[in-house]
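Open the model in a viewer and keep the sequence panel beside it. The stops below can be selected one after another.

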Amino acid sequence: MKRSLMTIAIIAALAGCNSSNDELDDGSAFTLQLLHVADMDGSNATALSNAGNFASLVSGFTIQYPENTLFLSSGDNYIPGSRYEAAKDNSMSLVNGIKVPGVARADIAMLNAMGLQASAVGNHDLDGGSAEFKSIINKDGDYPGALFPYLSSNMDFSTDANTVDLVVPSGQVADTIPNSLTQTTVIEVNGHKIGIVGITTPTNDDITSTDNIAVYPENDSIEDLAVIVQAQVDRLTHSGIDKVIALAHMQSIRFEKQLAGLLKGVDIIVAGGSNTLLANDSNRLWDGDIKAENYPIMLNDADGKDVAIVNVDADYKYLGRLVVSFDTNGDLIASSIDPNASGSFITDDQMVASIDGSTANTEVEAIVDAVNNVIIASEQNIIGHTDVYLNGTRGYVRTEETNLGNLTADANLWYAQLHDAQVQISLKNGGGIRADIGYSEYPAGSIDPNELQYYPPASYPLAGKGEGDISQYDVQSALAFNNSLAIVDLTADELWDILEYGVAGIENISGGFTHIGGMCIEYDGSRTARVADPITGDVTTPGQRIRKVIVDTNGDNTCGPSDELVVSNGVVVANNNYKAVTLSYLSLSEPYPCTDNGNGGCSNQVMLEDDGVMAVDPQQSNFAATGTEQDALAEYLQAFHADENTPYLTKDSVDGGLADTRIIRLD
C-alpha cells in the first residue's frame, strides 16, 4: 500500500520519539531519509542555475525528517572549468564560506552550506592533482575547507606527500573529522550508527591526476575490489554497526550492480560517475530526460539480503531521495520504499514550491551569485572561436606537443614579431598552461580512456557565449599565470641546452617541458637526460636526448630541407645566433640555461611588458596587460580566429588529429 508524504512524515516523527531499540507500529525499527547527489561536473551554467533550488529541496525534505536524515555525495563535486577557476577571484573573499579565494572552493562552500556529511572521492575531484585537491578540502585560514570527510576504501592517500597529512583512521564519526581523507566514517542518525564506506573506480589512476596516491586493485578487477571493500565493511559491522551505506564512484552503474552481489552487509549503494538517471513514474523530469531504470534498483547481496542502488543525473538537476525502513536486525525492508516518496526530485521552481519548508539557502545563493558575477563578466568578452578542443590537460602539455601549446607558442611568436621582425622562434613551458579551452567527458557508462570524447568550449547562455566561442575567461584560465614575454638572443649551443632542459623531466611530468613555434625537434627519451646542480645551475650531466633541431627560416611554420638544421644526430652543427621569444621568468639565468647578460637575464633581453616597447600592439583586446602571454593569445585570436567564419581548426592528436609534427619523440 502506497504511503503519502504526510503518512511517512508521521512515521518518521514516531521514529524520533522512540528509542533506537523500540519497534514501530509497521514492524520497522528505524526509518531513514537518505538525500544524495553526485557528478556536479558538467555544464557550469546548468549546475549554477540549479544549485539554489537544490539547496532549498534539501532543507525542505530535511524538515520532514529532522532527526532521521542523511545527506551524502558519491563524488565529482566539481570539475576544472570556469566556475572552478572563478572561486579564486579576489571578489570571492567577500563571500560567506569562502573568504580565502582558491580553485573549487565555491563548490565546497555550497556543499558545506547545504550540510553535506560525507563524500566519495571521484575522478574529477583529483583532476587538478593531489596538491590542488588538498588546497580545496583543507582548512586555510578563514576558509574552513570541506566540513565533511572524503572517503575511498581503495585509495591510499598516505603515499602522496600532498595528501598524507589529511589521512585519518577509518571508522571515526564524520562531524569530528572535517578536511580529512579516510576509508570509512560513522554518522549517528537518531541514535542509530550508520557506517559509510567509500569506493572509487580502480581505473582512477588512468583517468585523472592521482600523482603518488595509490589506487587499488592494480589489476582493476571488480572481484578484487570487492575484497578490499568487504574488509572495511567487516570492520564496521564487527564494531556493532548494523546499517552500512556505500558511496561508490564507479563510472558505470553496471559495476555498482556487480559490487552489490559480491558484498555482504551493505544495505544501500549510492552510485556515481555514470550520470545514470534512476526515477519513478511519479517523478517529473526535465524536458528531454529519460529515466534509465526505476528508483531504486533492488538487488540481493552475497548473503541474499536486499540491497538498494540509487543514483541521480548530474549538475544539481535532481535531488536523490530514498525513504526506507530497517528492521531490528538492521536489515533493509524493501517493501517500505514508497515510489511516491522516493526517487529523483527535479530542482525547478515548481518542485520547490510544492515542498513545505523548502526555504532559500541564502548562503548558497550568495555563492552562486558571486561565481556568476565573475564568470559572466569574463565569459561575455568573446575574443575568438574554435571548432575543436584545445588540449591543455596537465598530463599532455607537460609531456608532448598539443594544439593549445602550439597555438599559444605561435601567438607569442607573431606578437613578438610585431615588435621585432627578426624573432624566429618561440619557447614556452607546459607548466604555464593550466587548463583546456574546451572540455572532455566519457560517454555515459564508460570508463575506457580510449572512449573519452573532446569538445570545443561549451556555450554559456547567461553570458551570450555560443559553443566554440573562446572568451576572456578561457584565456585567463588556460594561461592563469599571465607571464610577461621577453625577446632574447640565443646561440645554437644555448638553444640546444634549453631544449635538453625541456625534455629532461618528462618522466616526472615536469612543467619545464618546452612548447615551440618556428622550429621542430626530435628527441629520444630513452637517452641520458640533462642534469644540473639545483643550487648553482651548473650542468653535471649533459643531455643526450635532443637528436635533431630545425629552425624555420622560410616563415611558413613548417620544417623542411630548405630550413636551417641546427642539431643533427645529437650534435650542434650550426654556428648562428637566434632571436627567441619566451616567458620572462624563463629567460632569467635560472631556470633557463643561457648566458647571463650581467643583469640576471639572457643576452640582449627585451621585456615586452615595459612601457613603450609594444607600440605596435594591435589593441584589439585590452583585458590583459600589453606584453603578456594572455594579451598575445587574445590579439592573435582576434587577428586570425575571431569568429565562426575563421575558426581554429587544428585538432589535437588525442582528439583524432594528426600525429605531433613539431615535437617528435623517437622512442
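Which residue forms a salt bridge with R527, and how far apart are the closest N and O atoms? Select D524: D524 is the partner of R527, and the closest N and O atoms are 3.5 Å apart. A salt bridge here is a side-chain nitrogen of Lys or Arg within 4 Å of a carboxyl oxygen of Asp or Glu. D524 is buried at 14% relative accessibility, whereas R527 is partly exposed at 35%. Buried means under 20% relative accessible area, exposed over 50%, and partly exposed in between, with a 1.4 Å probe and protein chains only.

Before moving on, note that the model is predicted, so local features need pLDDT of at least 70 and side-chain atom pairs count only at pLDDT 80 or more, while totals for chains, interfaces and linings use all residues. Residues are numbered from 1 along each chain as its sequence is written, and side-chain values use heavy atoms, with hydrogens and water left out.

**More salt bridges**

Select D289, D313 and K317 next: salt bridges that share partners join these residues into one network. The count of salt bridges comes to 21.

Go to D242 and K243. These two form a salt bridge, with 2.8 Å between the closest N and O atoms. D242 is partly exposed, its relative accessible area being 30%, and K243 is buried at 4%. Now add F326 to the selection. K243 lies over the face of F326, 5.9 Å from the ring centre. For this, NZ of Lys or CZ of Arg must be within 6 Å of the ring centre and within 35 degrees of the ring normal.

Then show E629 with K428, another salt bridge, in which the closest N and O atoms are 3.1 Å apart. E629 belongs to helix 15 and K428 to strand 19 (residues 425-429), so this pair ties together parts that are 201 residues apart in sequence. Helices (H or I, at least four residues) and strands (E, at least two) are DSSP runs, numbered from the N terminus. E629 has a relative accessible area of 0% and is buried; K428 is also buried, at 0%.

**Aromatic pairs**

Stay with helix 15 (residues 629-640) and select Y636 and F640, which are four residues apart in this helix and so separated by about one helical turn. An α-helix has 3.6 residues a turn, so residues three or four places apart point the same way. Y636 is buried at 14% relative accessibility, while F640 is partly exposed at 39%.

How many aromatic pairs does a search of the whole structure find? The search finds 13. Rings of Phe, Tyr and Trp (its six-membered ring) pair if their centres lie within 6.5 Å; planes under 30 degrees apart count as stacked, over 60 as edge-to-face and the rest as tilted.

Select F148 and Y150. Their ring centres are 5.6 Å apart and the planes meet at 45°, so this pair is tilted. The pair of Y636 and F640 is tilted as well, at 4.9 Å centre to centre and 50° between the planes. F148 is buried, with 0% relative accessible area, and Y150 is buried at 0% too. Add F133 and F157: ring pairs link F133, F148, Y150 and F157 into a cluster.

**Two sheets**

Switch to a cartoon view. Strand 19 is part of an open sheet of five strands in the order 24-19-31-23-32, with mixed pairing. Two strands pair if DSSP finds at least two bridges between them. The edge strands, each pairing on one side only, are strand 24 (514-517) and strand 32 (606-607). Inside the sheet, strand 23 (residues 485-491) and strand 31 (residues 577-583) run antiparallel and are joined by seven bridges. I487 stands opposite V581 in strand 31.

Another open sheet of five strands has the order 30-29-28-25-33, and its pairing is mixed. Its edge strands are strand 30 (571-572) and strand 33 (663-665), each pairing on one side only. Strand 25 (residues 519-523) pairs with strand 33 in the parallel sense over three bridges. To see the register, select I521, which stands opposite I663 in strand 33.

**Last stop: helix 12**

Select residues 403-419, the 17 residues of helix 12. Of these residues, 14 are buried, so helix 12 is largely enclosed by the rest of the structure. At 1.5 Å a residue helix 12 should span 24 Å, and its end C-alpha atoms are 25 Å apart, which agrees. The expected span is 1.5 Å times one less than the number of residues.
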